[in-house]
Amino acid sequence: MKILTSPQTAKEYRKKLKGSIGFVPTMGALHEGHLSLIKKAREENDYVIVSIFVNPTQFLPGEDFNKYPRRLEADFEICKRAGVDAVFTPNAKDMYINDEVLIKAPKIKGYILEGFFRPGHFDGVLQVVNKLFNIIRPTRAYFGKKDAQQLYLIKQMVNNFFFDIEIVEGETIREKDGLALSSRNIYLNENERIRALSISKALKRAAKLSLSIKDVEKIKKEMIKILDVDELQYIVFVDRNFNYIKEIQPNNTIILIAAYIGNTRLIDNIWI
């Protein structure tokens, strides 16, 4: 397995590859959710490249950039065992300059939900993904459905900028008790982790209710009864194109939650 530490070495490595490239962008602290994407990429491509880069431009002031979990050696071992061909681990100085040409998230759908509570976050996400796509030039790129709004906006960027890249969705991977896997779960203490389960339980309840109830406000009220969080930022019902909806649309609805458990902000969703 090759370790590529700069954009230039990554581009040189990429030039030598003949065949399809599956690319999995990550911020490291790899878990089973990432591994499911890597396995999918391994099955569908001749080569697999994983990037590990804690991207500073997608963190807002006061967020957890400095304490975000970093386990590079463990991540290398996970990638090696999963059959990854190369890992790209650049540093910020090689990825950014002081006076950058910027990419901006769309004015509406980039500034609702996550974009509203974390203004500018998606500017940073799209900026780094654009760079990574240009460096790696993948055939397919793999993203999890847990970050549903991010997935939608990356798809939009690919379409708007005419990238010749297939975006492949990966299902949300959960612990046996239902908690969606996230690198930030390590911030939760034992009690907080138990309370965090109320998020997935509320989503599961909503999915069941949606079979007989179409009014989203009625379903939302039932979800709130289940939630045990310190701050609920949103429960939102949207279609696959992130338009708000008032009634459940079978096979075209995403229910999203963002909430704080203690000091830890968690997001989750369910596609129905």
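Two strands are said to pair if DSSP finds at least two bridges between them, where strands (E, at least two residues) and helices (H or I, at least four) are DSSP runs numbered from the N terminus. The views below show a predicted model, in which local features need pLDDT of at least 70 and side-chain atom pairs count only at pLDDT 80 or more, while totals for chains, interfaces and linings use all residues. Residues are numbered from 1 along each chain as its sequence is written, and side-chain values use heavy atoms, with hydrogens and water left out.

**View 1. The open sheet of six strands and its parallel pairing.** The strands follow the order 1-4-3-2-5-6. Strand 1 (2-4) and strand 6 stand at the edges with a single partner strand each, so one side of each is left without a neighbour in the sheet. Neighbouring strands of this sheet are turned by 25° against each other on average, direction ignored; such angles are taken between axes, which are lines fitted to C-alpha atoms (for helices over the stretch in contact), and angles between N-to-C directions run from 0 to 180 degrees. Strand 5 and strand 6 pair in the parallel sense over five bridges, and Tyr142 stands opposite Val168 in strand 6. Strands of a sheet pair through backbone hydrogen bonds, either parallel or antiparallel.

**View 2. Helix 1 and helix 6 lying across strands.** Helix 1 (residues 7-15) lies across strand 1, strand 2, strand 3 and strand 4 (86-88), and runs at about 135° to strand 1. Helix 6 (residues 121-136) lies across strand 2, strand 3, strand 4, strand 5 and strand 6, and its direction makes an angle of about 150° with strand 2.

**View 3. Helix 2 and the elements that its buried residues pack against.** Helix 2 (residues 32-44) has 13 residues and reaches 18 Å from its first C-alpha to its last, close to the expected 18 Å, the expected span being 1.5 Å times one less than the number of residues. Gly33, His34, Leu35, Leu37, Ile38 and Ala41 of this helix are buried, a term that means under 20% relative accessible area, with exposed meaning over 50% and partly exposed the range in between (1.4 Å probe, protein chains only). The buried residues of helix 2 pack against strand 2 (21-26), strand 3 (47-52), helix 3 (72-81), strand 5 (140-144) and strand 6 (166-170), where contact means heavy atoms within 4.5 Å.

**View 4. The salt bridge between Arg265 and Glu114.** A salt bridge is a side-chain nitrogen of Lys or Arg within 4 Å of a carboxyl oxygen of Asp or Glu, and a search of the whole structure finds 16 of them. In the bridge between Arg265 and Glu114, the closest N and O atoms are 2.7 Å apart. The pair links distant parts of the chain, with Arg265 in strand 9 (residues 264-271) and Glu114 in helix 5 (residues 114-117), 151 residues apart. Both Arg265 and Glu114 are buried.

**View 5. Further salt bridges, beginning with Glu169 and Lys155.** The side chains of Glu169 and Lys155 meet at 2.3 Å, N to O, and this pair connects strand 6, which holds Glu169, with helix 7 (residues 148-160), which holds Lys155, across 14 residues. Glu169 counts as partly exposed because its relative accessibility is 29%, and Lys155 does so at 30%. Asp268 forms a salt bridge with Arg174, the closest N and O atoms being 2.8 Å apart; Asp268 is in strand 9 and Arg174 in the loop between strand 6 and helix 8 (190-209), 94 residues apart. Asp268 is buried, with a relative accessible area of 4%, whereas Arg174 is partly exposed, with 30%. Arg195, Asp228 and Asp230 are linked in a network of salt bridges.

**View 6. Loop positions at Ala29, Leu113 and Asn185.** Most residues other than glycine have a negative phi. Ala29, although it is not a glycine, has a positive phi of about 50°; Ala29 lies in the loop between strand 2 and helix 2 and counts as buried at 1% relative accessibility. Leu113, likewise not a glycine, has a positive phi of about 50°, is placed in the loop between helix 4 (92-95) and helix 5, and counts as buried at 5% relative accessibility. Asn185, in the loop between strand 6 and helix 8, is buried at 14% relative accessibility and touches Leu179, Ala180 and Leu266, not counting residues up to four places away in sequence.
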